[in-house]
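This report walks a new reader through the sheets, the helix contacts and the surroundings of the ligand. The sequence and the structure come before the description.

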Amino acid sequence: MLPWARITGERPLNAIPSGKRAPCSLVAPAPHLPQVLQIGQLKMISANSSFKAIIIGGGPVGLATAHALHLANIDFVLLERRPAIVEDKGASLIVHPHTLRVLHQFGVLDELLPRGAELSHHLSFLASGHVFNESNRYTQIRENHGHGPVAFHRAELVETLYNGLPTTIRENILTDKKVVDIQTAQDGVTVACADGSTFLGSIVIGADGVHSKTRLLMRGLALAEDPSREWDPQQPYTAEYKLLFGSFPSPSPPGQGYDIQAKDRAIMYFSGPERGWFFLYKRLQKPTSERTSYTDEDIDKMAKEFAEFPLTRGVKVKDVWPKMLGSGLTNLDEGLVKNWSFGRIVLVGDACHKMTTHLGLGFNHGIQDVVVLCNRLRKSLQATPSGKVDANTLTGVFFEYAAVRMGSLSSLTGDIYKSGLETRMHAWHNLGYYVLSRYLSVPSAVENLVMQYMMMPEFRKGQVLDYVFKEERMKGKVSWIYSMGFGQHDD
Ligand SMILES: Cc1cc2nc3c(=O)[nH]c(=O)nc-3n(C[C@H](O)[C@H](O)[C@H](O)COP(=O)(O)OP(=O)(O)OC[C@H]3O[C@@H](n4cnc5c(N)ncnc54)[C@H](O)[C@@H]3O)c2cc1C
């Protein structure tokens with residue numbers, strides 16, 4: 001019998017690996033504000049005080065939105081339902097080079113990079129421990145784009161994003177603010193929170209994740225106005241797999257990104273400077289769009305099923321399980337929302353698209369949303385110096401933003417497909433996926449073609465803020481379509 005650690009659905013970490021760096025500290029919640037609050041009462045930085053954005057959600061994409069709006073000199077308040085922005089939960093986030101460019105524009109790259117591990121070594125295993133593929137995919141990304149993908153502990157990335165904002169701007173980030181209602185009018189929006197506080201603004205940016213309340217409220221408003229209009233269903237995503245993720249003191253050198261493949265099961269393993277992270281995937285009995293809550297017993301059961309699976313050549317799941325620092329079990333939702341905005345409300349991040357975690361791209365796409373949206377929003381505000389941008393103009397901006405993100409200028413639609421494909425290949429979803437994963441995609445010539453014609457052209461499309469000039473740090477063999485300076489455009 002294994003010494004199974006007791007863990008909850010998503011528990012805070014109770015131990016940290018030894019090392020020089022301090023663990024992620026909890027950031028004290030912002031002080032509560034008066035019951036009824038107008039955004040104008042907050043300390044704002046913009047010369048143009050009449051336009052205010054309300055960001056809902058203080059996850060990584062909400063914080064990225066705060067950075068982009070701050071750099072565009074656009075006033076905002078961010079409402080987060082949790083009591084603290086930085087909570088030491090979750091697993092790793094893989095950040096790709098096009099996103100590192102944007103993080104450089106935010107001014108957090110140098111703080112961030114030493115906290116992660118650049119991926120440099122890839123192996124594919126069978127459940128028996130047999131290695132059937134060793135590829136140079138990470139090296140190719142580095143050669144092409146100037147940097148390999150970097151594995152960060154999610155909480156450390158969130159902490160760096162938060163701390164990277166000036167102190168005065170952080171005062172606009174409010175915790176314990178669960179949004180329960182949104183009302184829109186011709187000239188503005190009102191957002192209500194569960195504690196009775198109310199916020200007035202010009203627009204709402206919903207960065208509140210896969211089960212977005214903003215998306216739900218927006219849907220209600222759209223259908224109340226015209227019950228016959230076509231709109232996304234209440235639950236727009238579907239899951240075919242569930243995912244047990246967790247972190248533990250790393251049992252192997254940093255920079256490993258391995259996959260383990262079996263029938264209806266798969267694993268991804270990454271090693272960072274201090275932690276290792278695993279992702280255990282299991283196919284559901286049938287696809288579901290319902291939100292599922294898992295218990296401690298479900299987690300224990302699933303971990304036991306994977307106990308003998310390898311993570312590296314010498315380490316199995318059962319070896320790290322007693323040392324877990326945190327873990328969680330969730331359904332692996334997939335899908336693309338069609339309606340990204342309504343009037344003065346717009347969505348970013350997991351609120352409007354969700355992909356499986358195999359390619360590590362969900363957060364990276366949230367950053368692209370923020371970039372494309374804020375570039376357009378800033379231009380439209382510049383054209384309206386009073387800040388009184390009318391609803392029709394905003395609707396146009398939001399439509400263009402969604403069209404760019406869902407069109408061929410962006411890699412989003414293809415990446416949702418490719419991430420799902422990778423998950424199904426690794427879990428041998430059917431005979432076709434098995435043959436593709438186990439044999440057809442293994443020869444290095446095939447992988448080189450995939451990197452050259454499927455991955456590289458998509459990474460190149462990564463956009464950057466067109467109003468923040470920084471020296472280009474990601475220089476590889478392949479040029480970026482959007483340069484790191486003023487004047488780039490996508491229309
Ligand atoms: C295990 C796992 C591993 C992943 N690995 C990667 C990876 O390697 N690379 C990658 O690019 N992506 C990865 N992803 C995907 C990535 O985590 C998401 O795409 C990303 O976190 C989305 O960020 P977000 O801010 O849109 O949503 P979230 O991170 O879900 O944040 C939403 C925030 O909104 C808040 N909120 C929700 N409702 C309300 C409300 N009513 N009022 C106020 N606040 C509210 C929540 O508390 C939360 O803080 C992974 C996902 C998982 C589950």
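## Helices, sheets and the ligand shell

Helices H1 and H10 are roughly parallel to each other, because angles under 35 degrees count as such and their axes cross at roughly 30°, coming within 9 Å. The model that shows this arrangement is a predicted one. The crossing of H1 and H10 is right-handed. On the side of H1 the contact is made by Pro60, Val61, Ala64, Thr65, Ala68 and Leu69, and on the side of H10 by Phe363, Gly366, Ile367, Val370, Val371 and Cys374. By class, this contact of H1 with H10 holds 10 nonpolar and two polar residues, and no charged ones.

### Other helix contacts

H10 also meets helix H11, which spans residues 391-406, and the axes of these two helices come within 10 Å and cross at roughly 150°. H10 passes H11 in a right-handed crossing. H10 brings Gln368, Asp369, Val372, Leu373, Arg376, Leu377 and Ser380 to this contact, while H11 brings Thr393, Val397, Glu400, Tyr401, Val404 and Arg405. The residues of the contact of H10 with H11 divide into six nonpolar, three polar and four charged.

Another pair consists of helix H4, residues 137-145, and helix H14, residues 444-460, whose axes come within 11 Å and cross at roughly 45°. H4 and H14 are therefore oblique to each other, and their crossing is right-handed. The residues in contact are Arg137, Gln140, Asn144 and His145 of H4, together with Glu447, Met451, Met456 and Phe459 of H14. In this contact of H4 with H14, three residues are nonpolar, three are polar and two are charged.

The table sets the helix pairs side by side.

| Helix pair | Axes come within | Crossing angle |
|---|---|---|
| H1 and H10 | 9 Å | roughly 30° |
| H10 and H11 | 10 Å | roughly 150° |
| H4 and H14 | 11 Å | roughly 45° |

### The sheet of eight strands

An open sheet of eight strands follows the order E6-E5-E14-E15-E16-E13-E17-E20, and its pairing is mixed. Strand E6, residues 131-135, and strand E20, residues 353-354, stand at the edges with a single partner strand each, so one side of each is left without a neighbour in the sheet. Strand E5, residues 122-126, pairs with E6 in the antiparallel sense over four bridges, and within this pair Phe125 of E5 stands opposite Val131 in E6.

Which helix lies across strands of this sheet, including E13 and E17? Helix H12, residues 412-426, lies across strand E13 (238-249), strand E14 (257-262), strand E15 (265-271), strand E16 (275-288), strand E17 (326-336) and E20. H12 runs at about 125° to E17.

### The sheet of three strands

Three further strands form an open sheet in the order E9-E10-E11, with antiparallel pairing. The edge strands are E9 and strand E11, residues 198-201, each of which pairs on one side only. From one strand to the next the twist averages 15°.

Strand E9, residues 179-185, runs antiparallel to strand E10, residues 188-193, and six bridges join the two. A hairpin leads from E9 to E10 through two residues, and Gln183 stands opposite Thr190 in E10. E10 and E11 also run antiparallel, joined by four bridges, and the bridge partner of Val191 in E11 is Phe199.

### Around the ligand

How many residues lie around the ligand, and which of them come nearest? There are 35 residues around the ligand, and Gly57, Gly59, Gly209, Gly349 and Gly362 come nearest. The elements that give two or more residues to this shell are helix H1 (60-71), strand E3 (92-95), E13 and helix H10 (362-382). H10 gives the largest share of the shell, four residues. By class, the residues of the shell around the ligand divide into 14 nonpolar, 13 polar and eight charged.

Some elements therefore recur through this description because they take part in several of its features, as the following sentences recall.H10 contributes four residues to the shell around the ligand, its axis comes within 9 Å of that of H1, and its axis comes within 10 Å of that of H11. E13 is one of the strands that H12 lies across, and E13 is also among the elements that give two or more residues to the shell around the ligand.

Technical notes: Residues are numbered from 1 along each chain as its sequence is written. This is a predicted model: local features need pLDDT of at least 70, side-chain atom pairs count only at pLDDT 80 or more; totals for chains, interfaces and linings use all residues. Two strands pair if DSSP finds at least two bridges between them. Two residues are in contact if their C-beta atoms, placed from the backbone, lie within 7 Å. Axes are lines fitted to C-alpha atoms, for helices over the stretch in contact, and angles run from 0 to 180 degrees between N-to-C directions. A residue is near a molecule or strand if its C-beta atom, placed from the backbone, lies within 6 Å of it. Ala, Val, Leu, Ile, Met, Phe, Trp, Tyr, Cys and Pro count as nonpolar, Asp, Glu, Lys and Arg as charged, and the others, Gly among them, as polar. Angles under 35 degrees count as roughly parallel, over 145 as roughly antiparallel, 65 to 115 as roughly perpendicular and the rest as oblique. A crossing is left-handed if the near helix is turned anticlockwise from the far one by less than a right angle, and right-handed if clockwise.
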